[in-house]
Amino acid sequence: MSLINTEIKPFQATAFHNGKFVPVSDADLKGKWSVVFFYPADFTFVCPTELGDLADNYAEFQKLGVEIYSVSTDTHFTHKAWHDTSDTIQKITYPMVGDPTGVLSRNFAVMIEEEGLAQRGTFVINPEGKIKVVEEHDGGIGRDAKELLRKVQAAQYIAAHPGEVCPAKWTPGDATLAPSLDLVGKL
């Protein structure tokens with residue numbers, strides 16, 4: 001069953017954020033655009049490249065009013081230790097959420113039960129708390145923050161412009177489509 005257009009489920013967790021441990025819940029994801037970015041584990045190989053890429057592009061997400069939440073089944077203590085020891089992870093200023101019980105990973109259907117780890121899953125959530133983008137990758141395939149940014153921009157555009165849709169490779173300023181009978185078979 002797809003999670004597209006479903007409301008996020010209630011949760012409570014602790015994140016390492018800007019040198020502090022802070023509570024994070026489903027309420028924090030509502031009222032603004034959010035990205036929940038699951039990854040398998042701290043101190044690994046592909047994960048720091050993805051999180052570093054997000055850190056490098058975080059200002060662009062912030063300009064759009066988007067908060068990023070990275071999540072793994074590690075604890076918030078492990079996130080702090082990783083942050084303190086990795087040059088790449090030290091760049092992160094978005095919340096790093098710990099999910100040691102797997103509740104959040106199960107809520108978003110990315111838990112790999114036999115491993116106790118989260119799959120690489122990305123979720124864009126609108127201000128009403130509804131999931132608008134779902135992307136899931138095999139553990140060996142890293143994601144691209146700029147492509148994620150483009151997807152957020154498209155989701156925000158169609159939310160602000162009912163009746164329009166964004167075609168493949170759409171970027172802000174490009175033409176959109178207004179679905180109609182007249183377009184059938186003409187694209």
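Q: Let me start with one residue: where is the place of Ser34?

A: Happy to begin there. This is a predicted model, and in it Ser34 sits in strand 3.

Q: Is Ser34 buried or exposed?

A: The general idea is to read relative accessibility against a cut-off, with under 20% counting as buried. Ser34 has 0% relative accessibility, so it counts as buried.

Q: Which residues does Ser34 touch, leaving aside those up to four places away in sequence?

A: Its contacts are Leu29, Val66, Glu67, Tyr69, Phe123, Val124 and Ile125. There is a polar detail to look at as well: the side chain of Ser34 reaches the backbone oxygen of Leu29 at 3.3 Å.

Q: Now the sheet as a whole. What order do the strands have?

A: A handy habit is to walk across the sheet from one edge to the other. Here the sheet is open, has 7 strands with mixed pairing, and reads 2-1-5-4-3-8-9. Strand 2 (20–25) and strand 9 (131–137) are the edges, each pairing on one side only. On average, neighbouring strands are turned by 25° against each other, direction ignored.

Q: How many bridges join strand 1 to strand 2, and how many join strand 1 to strand 5?

A: Strand 1 and strand 2 run antiparallel and are joined by 6 bridges. Strand 1 (residues 12–17) also runs antiparallel to strand 5 (residues 96–98), with 3 bridges between them. Ala15 shows both pairings: its bridge partner is Val22 in strand 2 and Val97 in strand 5. Phe16, in turn, has Met96 as its bridge partner in strand 5.

Q: Which residue takes a positive phi in the hairpin of strand 1 and strand 2?

A: That is Asn18, with phi near 50°, in a hairpin that has 2 residues between the strands. You can read the hairpin of strand 8 and strand 9 in the same spirit: 5 residues lie between those strands, and Gly129 takes a positive phi near 85°. Strand 8 and strand 9 run antiparallel with 6 bridges, and Thr122 stands opposite Glu135 in strand 9.

Q: Which strands does helix 1 lie across?

A: Helix 1 (residues 46–63) lies across strand 3 (33–38), strand 4 (66–72) and strand 8 (120–125), and runs at about 165° to strand 4. Helix 5 (residues 145–160) packs on the sheet too, touching strand 3, strand 4, strand 8 and strand 9, and its direction makes about 145° with that of strand 3.

Q: Why are helix 1 and helix 5 described as roughly parallel to each other?

A: Two packed helices are described by the angle between their axes and the distance between the axes. For helix 1 and helix 5, the axes come within 9 Å and cross at roughly 30°. Angles under 35 degrees count as roughly parallel, and helix 1 and helix 5 are therefore given that description. Their crossing is right-handed. At the interface, Asp53, Leu54, Asn57, Glu60 and Phe61 in helix 1 meet Ala145, Lys146, Leu148, Leu149 and Val152 in helix 5.

Q: One last residue: is Cys47 buried or exposed?

A: Cys47, which lies in helix 1, counts as buried because its relative accessibility is 1%. Not counting residues up to four places away in sequence, Cys47 touches Tyr39, Pro40, Ala41, Trp82 and Arg120.

Q: What separation do the C-alpha atoms of Cys47 and Gly142 have?

A: They are 7.5 Å apart, although Cys47 and Gly142 are 95 residues apart along the chain.

How values were computed:
Residues are numbered from 1 along each chain as its sequence is written. This is a predicted model: local features need pLDDT of at least 70, side-chain atom pairs count only at pLDDT 80 or more; totals for chains, interfaces and linings use all residues. Side-chain values use heavy atoms; hydrogens and water are left out. Two strands pair if DSSP finds at least two bridges between them. Helices (H or I, at least four residues) and strands (E, at least two) are DSSP runs, numbered from the N terminus. Axes are lines fitted to C-alpha atoms, for helices over the stretch in contact, and angles run from 0 to 180 degrees between N-to-C directions. Contact means heavy atoms within 4.5 Å. Buried means under 20% relative accessible area, exposed over 50%, partly exposed in between (1.4 Å probe, protein chains only). A polar contact is a pair of N or O atoms within 3.5 Å; within protein, one must be able to donate a hydrogen and the other to accept it, and residues adjacent in sequence count only if both atoms are side-chain atoms. Angles under 35 degrees count as roughly parallel, over 145 as roughly antiparallel, 65 to 115 as roughly perpendicular and the rest as oblique. A crossing is left-handed if the near helix is turned anticlockwise from the far one by less than a right angle, and right-handed if clockwise.
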